[in-house]
Amino acid sequence: MNCSLSVVSALALCVIARTQTPCDVLVDINTTPLPSHTGPSPDLLALTQDTRSWRFTECGGWWYYSATSPTGADELWRTDGKGTCELACDPTGPSLSSNVNNIVCCNGKIYFSAYTSTTVVNGDEELVVYDPGTKAHTVLTVGPSSGSRIDDITVFGARVFFEADDGVHGQELWVTDGTVAGTQLFADIVPGISGSGPQYLTIAGSKMFFSALSSLGGRDLFVTDGTAAGTVLVKGNVDNQQKPGPIIALGNKVAVRVYDKDFGYELWVSDGTSAGTGMLKDIRSGNSDGVGTNLVHARAALGKLWFSADDGTNGEELWVTDLTASGTQMLVDIQTGSGASLPRFFEIWNGKVYFAATHLPQQGGLLVSDGTALGTQLVSDVGTFQRVEYLAGTSGKLFFRTANALYGSDGTTAGTAALGIANTASPVYITPIDATRILFGALSSGSEILMLSDGTAAGTSVACTGPSPRTANASPTNLSASHAHVFFSADDGSTGQEPWISAGTSATTLRLADIVPGSGSSGATGFTSWGSESWTIFVANDGTNGVEPWITDGTSAGTMLLGDLMAGSAGSFPDEFTPCGDRVVFSARNATAGYEIWASDGTSAGTSMLRDIAPGSAHSLPVNLMHFRGRVFFSADEPTAGRELWMTDGTASGTQMLVDLDPGSTGSSPSSLIAAGDKFYFFATTTTSGRELWVSDGTVTGTTMVADLTAGAGSTAFSSAVAVCEGKLVFSANVSGSGFEPWVSDGTATGTMMLADLFAGASSSSPSGFACAEDRVYFAARGASGIEPYVTDLTPAGTFLLADINTGSSSSSPTEFTCVGNRAYFRANDGDHGVECWTTDGTPAGTILFCDVLPGTASSNPTQFRVMGGRVYFVASDAWLGSEVFVIDEPGAHAWTVGQPCGASAPTLTATAPVLGGTSTVAIDGGAGGSVGVVILGTPFGTKSFDPRPDRAGCYQHVDVYLATLAAFASPGGSGSLPIPNSPALAGVHVALHSLWVTTTSFGDSSNGVEMRVGL
């Protein structure tokens, strides 16, 4: 081939710009919101430090909380208090629960502990940060396989401190600035794997106090100024007696519950120094406990610390302290005598301290105090066996709950009562969100809901009226690609599973028809375009005519039933649509002829059975339909010859048996027909040779057995896995007890060989999924590393394992290899990311995870990979959008064939990917002797090809002749190099090649087209 081309000028005609990122959703077809969860998690957080730990966490005008979705998954949710509630973050994916806990806000970001995709199985947490601006989350810690066990997340200055176990240092104190690099061990207090177990992180002034095990052997009090050097033991353990915690701040000091063998649990004070640390007062003399675990309810208010204590005489009652011995005293004996009032839930409101207490035996009440005994009074008695809990105040009202109702109070007995608001049974998480309203959770008809209230019935409403950000599954199926369109069946949430079309953008993706009106589904499948692609045929069931062929021109108005081939609702079940010139050939049945070979020109009148091969109601069951040089070859069962190789040119007269390979009624049962340039391959069985590999040029004399791999009448075992690459067949066979292994054949006995015994001996590597990418074939096989991806350049030396994706003997189980240029995309599971989309360029280093659609170990399950216009389309499940169609727009160099050749010589045009600075090899297979091929390069016609030869069926022009340039003159069977300039401006340019064959007397045959995209 003589290439004479101004490539730059030709390529400049055809720039195409696409900016999608890898693995983008094509469009969210089913936008039906999933049910919105309206309530907080039913599991109240443990009151480990103070009574405010159960409140919603405010950050940037949103209130964050842990909530359980309708599927039972506990995740991070948020509400703006204005009617919108939404899922904020889901670290484990939609099907698993993250168990969100310990929520804090720091520098506008949310930090929390949660199961991640790698720790959910073991029930342990990592630290996660969520950025409301980007709506993205980052897992900051990576502990052992069982998880880091995060707890006590506390904001100190501009950083977040927490306790965690990295599997090396045990449970220790960590710090983060919100980045992975800035998340590190802060203090390894007890070196080694046992850890110090820091607890009760409490800020007092410019210091943070905490309790931890020390190297001295017991739990002690520590303090830090936020630096490693400033992190010190406050007071050493004496005979293993100190057991500090909880810790409550008052000004620059803290009160700590500490155990001493001589005094029991009492209240201690510390200013962060050893000298300034000691017991405040022996509230209960001797070694009995004066202070219990209810110290978690203690609250700093009116310059004092309010807490409950038991002096051994008056029971557990209300105490106050200014952190001096003299200032530590019981304020009032609320339940006189030895009874315990158990004061708790302290809330400052209107300059006084309100709290809950059992003021009489088994009698709960709301009390108020101004800090004096006389000023401490009962506000309201809520009844026998009732307790006041979770106090929260707005500017005009104090709210609290009992087990049965939400209460409001103006601070007086008369002004305190149950609000009588619907849906407020057992309210939880009461949190003021502005001057007049509270946010809380409640039960309604057995379900949890989130509520807003100003304390009146009219001012109380459900907080969550907005939809969930997650949308339902479109569940696309039957994905198919033509020259310029992608077809599939999908459910948009209202019309059921119906046919859709896309030209590759969101705007061009639309439903073709609602074949079964309403929510019913037609189950459209088998989309096949042919000729100029003016029409696409497919199968659907409208509920009346059964499964029948339908036709579409790509518009809703042009989508219609092609014909009711099997009258009534039984259905003709058409299958294996195969283009053949200006017609499409397929198998179908009718009431009189059974399953036979049919053809259609896209009209009802032009749709008919070509031949009743098995006369009458018997079935010839045509299968393995394959187009080859203007005809369709297939396997069919004729009563006298059995199942043999047949062919058709789309006419009744041109439908006939090619050859009876095994005379008699048994038949040779040809299968796995696949075209390879000037020949095609198939497997067939004869009495003398058994089942072996055959090759044909489409003539009787040109149909021969390639090799008798299993000598004599014995059969070679073949699998259905086959592919053609560079005119050669790659297939899986079991020969001489080697097990199923990869083989290659050039159509001759000497050129047929096993590529590699990947699983040595009689065991099978069971290669599958063969896919050709220019000069190499990708496939999956089993070896010592399990089932992993392999590649071959069609030589034994060039056949090898690409990567042990799931390391060790575990299998990544790659499937659905789909090639674009020299690259393949496929699905695999590396054990860490679930089943996701992978890619390879044929090298171990270039075999990588391409995109993790569903992050973590959860699987997006990509499937149905198809190529259209140099882009890869597939179906996967996204955490937010559900199961939808995705697209890969990888900016590489690609070349792909479009359409079919026509004419007697059926010239086939191929080209390799046009890489910047390289060359594309353009080759012609065929072309009539004595003719000259004219190869043109230019702009592709787009969605449909031009028909320059209405007098010759199936001849279509794939390059716009008005925007084309002469690329070369070619001779039959020739090839040549097309130089590609090394100009970055050409990256992404989309062009097409086509060849026309002429003689001195006529305009001859026409090739298929080749479309190309220039890239790296």
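A residue is called buried here when its relative accessible area is under 20%, exposed when that area is over 50%, and partly exposed in between. With that cut-off in hand, the reader can follow this predicted model from its overall form to a few selected strands and loops.

The secondary structure of the protein consists of one helix and 81 strands. Along the principal axes, the C-alpha atoms occupy a box of roughly 120 × 60 × 60 Å. The radius of gyration is 38 Å, whereas a compact globule of 1016 residues would have a value near 31 Å. Of the 1016 residues, 56% are buried. Among contacts with a separation of 6 or more, 49% are made by residues 24 or more positions apart. The accessible surface amounts to about 37000 Å², and carbon and sulfur atoms account for 53% of that surface. The protein carries 47 positive and 95 negative charges, and the mean positions of the two sets lie 6 Å apart.

Strand β33 offers a convenient place to begin with local detail. This strand covers residues 406–409, and its side chains are divided between two directions: L406 and G408 point one way, while Y407 and S409 point the other way. Such a pattern is what a regular strand shows, with side chains alternating between the two faces of the sheet. In β33, the residues on both sides are buried, which means that each has a relative accessible area under 20%.

The partners of β33 can be taken in turn. Strand β32, residues 398–401, runs antiparallel to β33 and is joined to it by four bridges. Within this pair, F399 stands opposite G408. The connection from β32 to β33 is a hairpin of four residues. Strand β34, residues 416–418, also runs antiparallel to β33, here through three bridges. Y407 of β33 faces A418 of β34 in this pairing. Six residues lie between the strands of the β33 and β34 hairpin, in which G411 adopts a positive phi near 95 degrees.

The loop between β34 and β35 (425–432) contains L419. Which residues does L419 touch, once its neighbours within four places in sequence are set aside? The contacts are F399, L406, Y407, G408 and G455. Of these, L406, Y407 and G408 have already appeared as buried residues of β33, and F399 as the residue opposite G408. A distant point of reference is V989, which is 570 residues away from L419 in sequence and 70 Å away in space, C-alpha to C-alpha.

A second region of interest surrounds strand β19. The loop between β18 (231–235) and β19 (247–250) holds P246, and the peptide bond from G245 to P246 is cis, with omega near -5 degrees. After this loop, β19 is joined by four bridges to strand β20 (residues 253–260), and the two run antiparallel. L250 has K253 of β20 as its bridge partner. Two residues separate the strands of this hairpin, and G251 takes a positive phi near 65 degrees.

The backbone values above can be set against a general expectation. Most residues other than glycine have a negative phi, and most peptide bonds are trans. Two residues that are not glycine merit attention on this account. R149, in the loop between β10 (136–139) and β11 (151–156), has a positive phi near 60 degrees. S766, in the loop between β62 (753–754) and β63 (768–773), has a positive phi of about 50 degrees. Are these residues buried, partly exposed or exposed? R149 is partly exposed, with a relative accessible area of 38%. S766 is likewise partly exposed, at 41%.

The last stop is an open sheet of four strands in the order β2-β73-β72-β71, with antiparallel pairing. Because β2 (24–25) and β71 (863–868) each have a single partner strand, they stand at the edges, and one side of each is left without a neighbour in the sheet. The pairing at one of these edges can be described further: β71 is joined by four bridges to β72 (residues 871–878), and these strands run antiparallel. In this pair, M868 stands opposite R871 of β72.

Terms used
Residues are numbered from 1 along each chain as its sequence is written. This is a predicted model: local features need pLDDT of at least 70, side-chain atom pairs count only at pLDDT 80 or more; totals for chains, interfaces and linings use all residues. Side-chain values use heavy atoms; hydrogens and water are left out. Two strands pair if DSSP finds at least two bridges between them. The radius of gyration is taken over C-alpha atoms; the globule rule is 2.2 Å times the number of residues to the power 0.38. Buried means under 20% relative accessible area, exposed over 50%, partly exposed in between (1.4 Å probe, protein chains only). Contact means heavy atoms within 4.5 Å. Accessible areas come from the Shrake-Rupley method with a 1.4 Å probe; for residues, only the protein chains shown count as cover. Lys and Arg count as positive and Asp and Glu as negative; His and the chain ends are not counted. The place of a charge is taken as NZ of Lys, CZ of Arg, CG of Asp or CD of Glu.
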